[in-house]
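Welcome! Please open the structure in your viewer and keep the selection tool ready.

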Amino acid sequence: MSTPTLPPTVAAHVPTELLIDGVWRPAASGRRFEVADPATTQVLFEVADAGPEDALAALTAADSAREEWRAVSPRARAELLRAVFEEMRAHAEDLAALVTAEGGKPLAESRAEVAYAADYVRWYSEQAVRLDGLARRAPAGGAHQLVLRRPVGPALLITPWNFPIAMIARKMAPALAAGCPVIVKPAQLAPLTTAYVAEMVRAELEARGLPAGVLGILPSSSAGALTTPLLADPRLRKLSFTGSTEVGRILLRSAAQSVLRTSMELGGNAPFLVFDDADIPAAVEGALAAKMRNSGQTCVAANRFLVHESVAAEFTDGLTAAFDRLVMGHGATPGTTAGPLIEAAAVERVAAAVAAAVDGGARVRSGGHRPRGAGYFYAPTVLENVSPDDLVVTEEVFGPVAPVMTFATEGEAVALANGTEFGLVAYAYTRDVGRVMRLVESVETGMLGINRGMVSDASAPFGGVKSSGLGREGGEAGIEEYLETVYVAL
Ligand code: NAP
């Protein structure tokens, strides 16, 4: 099988089987599916295709490892994660090449994703030994209260394709630190980097004599069929999902049956507010970062640019010039700053949303077309004169499209920002501290970036409100998702 975009040394080490109970093995059905490079559409690998039988085998292994893993000392869990972090750092270039090959990102972005993912592993290696409890006298006297933390138990981690290493790291590291065995269902479109990292964990578990069933990896082309029996099985105690709100709702319904603990990192529709006192060149730079990472295919991508009418021309001109300078191409080609979208359907969806906006009166300032040639590309696009009802504004575009709308007052800007079912992140550019504090109170999102286009950090709680999700990943909060609280009256 040809691997056009991967160095042979990396290609030779990508596991393409399922990981169950410490062994890479084919699917019970013998089936496999193809994983392609979105920049060329060429097939990279055929990967074992897990089904329900494999899922239950992985759960049996996780459940068998449960007590032993829980009994492993926090220090030993910390040291395992630290060793995985060091491995990720040592093989960062290999990992970045894989991220680019299966997801299309420019290599510089893939390197940043790998560093970001490794940061989660390091952070939770440090948190594993800092789990708090509580002891105190009951207020009425006569008893003492102990509050203890213990691991929830086997956890199913379902991840999307857009950050194939960061998403698994953000879930797996706190789960393992807390003492939970995990089963990972990576995205069908991008399961390779997950497998590469999983082999690092597997090897470290083996070298340390730790239970092999702690980590299962189940790439699959039939997500629903794979996860349904797991969600119905009482041995599974936790579901952590990152993906679309639509699929999140389906999973929440299934999880309700067994009253499963859930964490949900779902869709976004981030507003990017530029006020009349903003540093406009800085806002343009922040807009580029907030919009164009992974060609707009991030949950925290700025989806709507809300700009004060007095600075709209200057901002839109600056953004147009910045978009015009982007270089589309294969992520591994030096100089590329805008990669492809993940699949043909994504290009269709973006093209349709832009066409509808243009029909409704929007003006294309940059891009607005598909380039010729192979791969799933859509040109970085700036639209102005967009209306609040346009699809590019109401839906999560998940592509390289920046629709610019104007506002006259702060109140109007906040109302537009909040006028969505989503509440993941918002960005605002202003030099007025009083306004910043008003935005903190009034903008309905789980995260707010002030004068910056990126907010994510392993040490900070990432997550949304409203239909953007439940729970947090990262920071002190991230490990709480994998712990339950036990109260002892003494
Ligand atoms: P998706 O279609 O919801 O898929 C996410 C994961 O769920 C994939 O592994 C997918 O498997 C699996 N899945 C799909 N249907 C399922 C079902 N019925 N039962 C169980 N699992 C199922 O989302 P996506 O297109 O990969 O990712 C884009 C979305 O993720 C966007 O909405 C984005 O905002 C969101 N996202 C959110 C965050 C966050 O932290 N809030 C981060 C990144 C992305 P297959 O690959 O086999 O379909």
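What follows is a short walk through two pockets of this predicted model.

**First stop: the largest pocket**

Begin by selecting Trp161, Gly243, Ser244, Glu246 and Val247, the lining residues that lie nearest the centre of the largest pocket. Around you is about 1200 Å³ of space, and the full lining runs to 48 residues.

Next, colour the elements that each supply at least two residues of this lining: the helices α8 (223-232), α9 (245-257), α12 (344-359) and α13 (391-394), together with the strand β10 (238-242). Which of them gives the most to the lining? Select α9, which contributes seven residues.

Now try colouring the lining by residue class. You should find 24 nonpolar residues, 15 polar ones and nine charged ones.

**Second stop: the second largest pocket**

Move on to the second largest pocket, with a volume of about 310 Å³. To centre your view there, select Tyr116, Phe163, Arg293, Met454 and Ser456, the closest to its centre among the 16 residues that line this pocket.

Then show α5 (107-127) and α6 (166-178), the elements that give two or more residues to the lining here. Linger on α5, since the largest share of this lining, five residues, comes from that helix.

What does the lining of the second largest pocket hold by class? Colour it once again and look for nine nonpolar residues, six charged ones and one polar one.

How values were computed: Residues numbered from 1 in each chain as written. Predicted model: local features only at pLDDT ≥ 70, side-chain atom pairs only at ≥ 80, totals over all residues. Heavy atoms only, no water. 1 Å grid on protein atoms, 1.4 Å probe; cavity = no way out; pocket = protein on both sides within 12 Å on 5 of 7 lines; lining within 4 Å. Points joined across faces, edges and corners; volume = space filled by probe spheres on them. Helix = DSSP H or I, 4+ residues; strand = E, 2+ residues; numbered from the N terminus. Nonpolar A, V, L, I, M, F, W, Y, C, P; charged D, E, K, R; others polar.
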